[in-house]
Amino acid sequence: MAKVGTFGRIPFRVSDQEAVILQNMKREISGRWSEMERIGKKPLTVFAGADLQKITLTVFLDAGLGTPPRDLLEEIETMTEQGQAEYLIIGRRQVGNGRWVIVKSSEVWDKILIKGELYRATTELTLQEYV
């Protein structure tokens, strides 16, 4: 099994029997800036410090690839609603300097079988640095 990474109890992995696919990861790193007004001159730019980093990513779940989507979506819901802070590991390296929290989660139930079983889903997560 090729383990791509983890976020808490959410594994990102690909193998012949199972796949939890991480796609389109985007990381935002920014600073906080303000301006001080000056009479007769341009405003003075002042660096106020680093802002909290943010990450958005998409996770593709497919029961045909060995991962029951509903189980993982319930885990994501719990992590989001309880504010669990976790390390994000991609490859063998930690992303950022600390832990992250899910500040937003959205789901698309792509394919539902005849008895209501969720077969395929896509979820987009927004993570924020936890300080």
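Me: In this predicted model, which residue does the side chain of Arg 120 meet in a salt bridge?
Reply: The two side chains approach to 2.9 Å, taken from N to O, and the pair links distant parts of the chain, with Arg 120 in strand β10 and its partner in strand β6, 58 residues apart. Arg 120 counts as partly exposed at 27% relative accessibility, whereas the partner is buried with a relative accessible area of 7%. The residue that Arg 120 meets is Asp 62.

Me: How many residues apart in sequence are the parts that Glu 75 and Arg 9 tie together?
Reply: The side chains of Glu 75 and Arg 9 meet in a salt bridge at 2.6 Å, N to O. Glu 75 is buried at a relative accessible area of 18%, while Arg 9 is exposed at 54%. Because Glu 75 lies in helix α1 and Arg 9 in the loop between β1 (2–7) and β2, the pair ties together parts of the chain whose separation in sequence is 66 residues.

Me: How many salt bridges does the structure hold?
Reply: Besides the pairs of Arg 120 with Asp 62 and of Glu 75 with Arg 9, the side chains of Lys 26 and Glu 28 meet at 3.9 Å, N to O. In that pair Lys 26 is partly exposed, with a relative accessible area of 48%, and Glu 28 is likewise partly exposed, at 40%. The number of salt bridges in the structure is three.

Me: Which side chain of opposite charge is nearest to Glu 129?
Reply: Glu 129 is found in strand β10, where it touches Asp 51, Leu 52, Gln 53, Arg 99 and Trp 100, leaving aside residues up to four places away in sequence. Glu 129 is buried yet has no salt bridge. A salt bridge needs a nitrogen-to-oxygen distance within 4 Å, and the nearest side chain of opposite charge is 6.9 Å away, that of Arg 27.

Me: Which three residues touch the most other members of the largest nonpolar core?
Reply: This core has 20 residues, and the elements that give two or more of them are β2 (10–14), β6 (54–62), α1 (69–82), β9 (100–112) and β10 (118–129). Leu 127, for its part, has contacts that include Ile 55, Leu 57, Trp 100, Val 101 and Ile 102, with residues up to four places away in sequence not counted. The residues that touch the most other members are Phe 7, Leu 88 and Leu 127.

Me: Is Asn 24 buried or exposed?
Reply: Asn 24 has its place in strand β3 (residues 19–28), and its phi is positive, about 50°, although it is not a glycine. Most residues other than glycine have a negative phi. With a relative accessibility of 62%, Asn 24 counts as exposed.

Me: What distance separates the C-alpha atoms of Thr 122 and Trp 109?
Reply: Thr 122 is found in strand β10, and among the residues it touches are Thr 58, Val 59, Phe 60 and Val 108. Thr 122 and Trp 109 are 13 residues apart along the chain, and their C-alpha atoms are separated by 6.6 Å.

Me: What radius of gyration does the protein chain have?
Reply: The protein chain holds one helix and ten strands, and along its principal axes the C-alpha trace spans about 70 × 30 × 25 Å. Buried residues make up 31% of the 131 residues. A compact globule of 131 residues would have a radius of gyration near 14 Å, but the value for the protein chain is 19 Å.

Terms used:
Residues numbered from 1 in each chain as written. Predicted model: local features only at pLDDT ≥ 70, side-chain atom pairs only at ≥ 80, totals over all residues. Heavy atoms only, no water. Core = buried A, V, L, I, M, F, W, Y, C linked by side-chain atoms within 4.5 Å. Buried < 20%, exposed > 50% of the residue type's maximum accessible area, 1.4 Å probe, protein only. Helix = DSSP H or I, 4+ residues; strand = E, 2+ residues; numbered from the N terminus. Contact = heavy atoms within 4.5 Å. Lys, Arg positive; Asp, Glu negative; His and termini not counted. Rg over C-alpha atoms; globule rule 2.2 N^0.38 Å.
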